[in-house]
Amino acid sequence: MRYLSLLGLQLRKSVTLAMQYRWDFVVSGVLALLWTVAGLVPFHVAFHDRPPVGGWTYETALVVVGFFTLLRGVLDGAVNPSLLAVVQQIREGTLDFVLLKPADAQFLVSTTKFEVFRVFDAIAGLALVTVAFVRLGRVPSPVGVLTALAMLAAATVVLYSIWILVIAAAFWVVRVDNLAYLFDSLFDFARWPVSVFKGVWKIVFTFVIPLGVMTTYPAEALLGALAAQTAVASILGAALLAVMARTVWIRAIGHYTSASS
């Protein structure tokens with residue numbers, strides 16, 4: 001309950017800051033929606049009025065794009081703003097101000113700042129999923145919705161854990177900015193169903209950088225096409241990755257040298 005209270009406090013702080021500059025909030029939200037629309041152009045060209053690609057029709061692939069847009073909002077709104085600032089704190093030796101606070105350091109650095117206007121991405125993602133099912137002429141089953149929510153939670157855990165691993169590298173490497181930008185660029189491939197990739201790329205985007213877990217599997221769950229064993233394996237894999245990220249973070253803290261040392 002203490003950490004939920006702290007999370008609520010950080011969210012209120014970010015909302016208050018965003019509301020102080022209302023026009024900036026509105027303009028940023030509109031720009032986020034424009035980027036979402038622009039991202040639909042290559043998808044529309046690849047899938048519209050064409051035979052299924054990798055077993056995905058235009059409507060079913062649109063569900064994947066919806067989950068990608070939703071997770072992009074999570075990445076840019078809740079993960080990036082806080083964790084990217086940690087790299088600078090490690091470089092300058094000013095992470096002391098976080099470590100000295102009477103709360104878990106990983107929690108504090110993960111909830112420092114939220115870009116509230118990214119809620120528009122989440123709304124756009126849900127809208128795309130809704131449009132897809134309207135075009136399909138059906139609604140997802142209750143079991144499909146629950147499974148999709150579980151897979152979305154697993155996807156968020158995977159996304160966050162990978163970022164913790166990337167940021168933890170800053171304790172040993174001077175600059176990880178390029179690594180962060182590389183992952184951010186690779187994440188754009190998550191807008192495509194993982195089955196459209198072939199050969200080594202399908203292996204990479206399924207097991208090495210599990211983009212399939214992030215967007216394809218939640219979409220398949222909502223469409224009622226995800227095997228139960230795949231869902232269970234994905235959830236267990238997400239939990240294992242979270243434990244790994246936590247372990248690496250704790251070890252990384254032990255290598256930190258403060259500005260006062």
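Hi everyone, here is a short tour of one helix and one cavity in the structure above.

This is a predicted model, where local features need pLDDT of at least 70, side-chain atom pairs count only at pLDDT 80 or more, and totals for chains, interfaces and linings use all residues. Residues are numbered from 1 along each chain as its sequence is written, and side-chain values use heavy atoms, with hydrogens and water left out.

Let's start with helix 2, residues 22–47 (helices are DSSP runs of H or I, at least four residues, numbered from the N terminus). Its 26 residues should span 38 Å at 1.5 Å a residue, and the end C-alpha atoms are 38 Å apart, so the two agree; the expected span is 1.5 Å times one less than the number of residues.

Where does helix 2 bend? At Val-41, by about 25°, with Pro-42 following within four residues; that angle lies between axes fitted to the seven residues ending there and the seven starting there. Just after helix 2, Asp-49 takes a positive phi of about 55°.

The buried residues of helix 2 (under 20% relative accessible area, 1.4 Å probe, protein chains only) include Phe-25, Ala-32, Phe-43 and Phe-47. Their cover includes helix 1, helix 3 and helix 6.

Now the cavity, meaning points on a 1 Å grid over the protein atoms alone where a 1.4 Å probe fits but cannot get out. The largest cavity has a volume of about 30 Å³. Among its lining residues (an atom within 4 Å of a point) are Phe-189, Trp-192 and Thr-215. Helix 10, residues 211–223, gives the largest share of that lining, four residues.

Conventions
Helices (H or I, at least four residues) and strands (E, at least two) are DSSP runs, numbered from the N terminus. Buried means under 20% relative accessible area, exposed over 50%, partly exposed in between (1.4 Å probe, protein chains only). Contact means heavy atoms within 4.5 Å. On a 1 Å grid over the protein atoms alone, a cavity is a set of points where a 1.4 Å probe fits but cannot get out, and a pocket is an open set with protein on both sides within 12 Å along at least five of seven lines; lining residues have an atom within 4 Å of a point. Grid points are joined across faces, edges and corners, and a volume is the space filled by probe spheres set on the points.
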